[in-house]
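Trainee: I would like a close look at a single part of this model, namely the aromatic pairs and the residues around them. Could you take me through that part slowly, in one connected answer?

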Amino acid sequence: MSDLVARTGRHQQRYKAGCRLVAGCIPYKYTDSNVSGDENSGKIVEVLMINSPSGPGLLFPKGGWENDETVEEAAVREAIEEAGVRGDLMGFLGDYDFRSKTHQDEFSPEGLCRASMFALHVKEELESWPEQSTRSRTWLTISEAAGNCRHAWMRDALLHGFSKWLDKNMMSRGED
């Protein structure tokens, strides 16, 4: 059993202009694509997605940004709680607006949310984590992940935010 405990409840939840503020990340790692024996085949980027206990499709870890933490701390916490991974936040991918059908409340009666998304370079996969009884994790290529994304806004964060961030950072380091 994990010593880590997921935060629950809404008493510390942040809101701004009728929007629930959310933090999340796209966890990623580099894998060796040298399956053919070709030394120049390079590395492949894989992203980690999790299932949703409330329906089909896959998600990136995200959740409420609370009053006692920075948005970066919230994104890291959600990766640990929901996906059981630790790593380094490498870049801000953007803010993404969406409507939540399950999180309508007195502060956001229409369920409006704004997610601040980050790239998280995974350094450790935990053997146990707070939500492992309701979530499983899956490593996918970017194109596989795009095809399995449950929400359009997450697909946008992957294809436009993460992919552009990745291209920019690989070019700045001189990688292909």
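Mentor: What follows begins with the chain as a whole, turns to the aromatic pairs, and then moves to their surroundings.

Please keep in mind throughout that this is a predicted model, and that the distances and angles below are computed from its atoms. The chain has 3 helices and 8 strands, and from the N terminus on these elements run β-β-β-β-β-α-β-β-β-α-α. Of the 176 residues in the chain, 45% are buried, while the accessible surface comes to about 9,600 Å², with 49% of that area belonging to carbon and sulfur atoms. Among contacts between residues at least 6 apart in sequence, 69% join residues that are at least 24 apart, and the aromatic pairs offer examples of links across the sequence.

A search of the whole structure finds 7 aromatic pairs. One of them is formed by Y28 and W165, whose rings are edge-to-face, at 5.7 Å centre to centre and with 65° between the planes. Because Y28 lies in strand β2 (residues 19-32) and W165 in helix α3, this pair ties together parts of the chain that are 137 residues apart in sequence. Both partners are covered: Y28 counts as buried at 2% relative accessibility, and W165 is likewise buried, with a relative accessible area of 13%.

A second pair, that of F98 and W153, has another geometry, for the ring centres are 4.5 Å apart and the planes are at 5°, so this pair is stacked. Here too the pair links distant parts of the chain, since F98 is in strand β6 (residues 85-99) and W153 in helix α3, 55 residues apart. Both F98 and W153 are buried. In general terms, a pair of aromatic rings is described by the distance of the centres and the angle of the planes, and that is how the two cases above can be set side by side. Beyond single pairs, ring pairs also link Y28, Y30, F162 and W165 into a cluster.

The cluster leads on to the nonpolar core. The largest such core has 45 residues, and those that touch the most other members are I26, V47, F60, M117, L158 and F162. Helix α3, which spans residues 152-172, gives the most to this core, with 8 residues. F162 therefore appears twice in this account, as a member of the ring cluster and among the core residues that touch the most others; as a general background, nonpolar side chains in soluble globular proteins tend to be buried together. M117 shows what such a position looks like in detail: leaving aside residues up to four places away in sequence, M117 touches G24, C25, I26, F60, G91, F92, L93, G94, Y96, W153 and A157. That list includes W153, which is one partner of the stacked pair.

From Y28 one can also step to strand β7 (residues 112-125), where V122 is found. V122 and Y28 are 94 residues apart in sequence, yet their C-alpha atoms are 5.8 Å apart in space. V122 counts as buried at 12% relative accessibility, and beyond the residues up to four places away in sequence it touches P27, Y28, V85, R86, G87 and W139. W139 has a further partner, because K29 lies over the face of its ring, at 4.3 Å from the ring centre.

Two polar side chains complete the surroundings. R20 has its place in strand β2 and counts as buried at 7% relative accessibility; its side chain makes a polar contact with the side chain of Q13, at 3.2 Å. E82, in helix α1 (residues 71-83), also counts as buried, at 7% relative accessibility, and a polar atom of the E82 side chain lies 3.1 Å from the backbone nitrogen of K62. Leaving aside neighbours within four places in sequence, E82 is in contact with I50, F60, P61, K62, W129, E131 and R135, and F60 among these is one of the core residues that touch the most other members.

A last residue makes a contrast with the buried ones. A17 lies in the loop between β1 (15-16) and β2, and it is exposed, with a relative accessible area of 81%. Although A17 is not a glycine, it has a positive phi of about 50°.

Terms used:
Residues numbered from 1 in each chain as written. Predicted model: local features only at pLDDT ≥ 70, side-chain atom pairs only at ≥ 80, totals over all residues. Heavy atoms only, no water. Helix = DSSP H or I, 4+ residues; strand = E, 2+ residues; numbered from the N terminus. Buried < 20%, exposed > 50% of the residue type's maximum accessible area, 1.4 Å probe, protein only. Contact = heavy atoms within 4.5 Å. Areas by Shrake-Rupley, 256 points an atom, 1.4 Å probe, with all protein chains shown as cover. Core = buried A, V, L, I, M, F, W, Y, C linked by side-chain atoms within 4.5 Å. Polar contact = N/O pair within 3.5 Å; in protein donor to acceptor, adjacent residues only side chain to side chain. Phe/Tyr/Trp six-rings, centres within 6.5 Å; stacked < 30°, edge-to-face > 60°. Lys NZ or Arg CZ within 6 Å of the ring centre and 35° of its normal.
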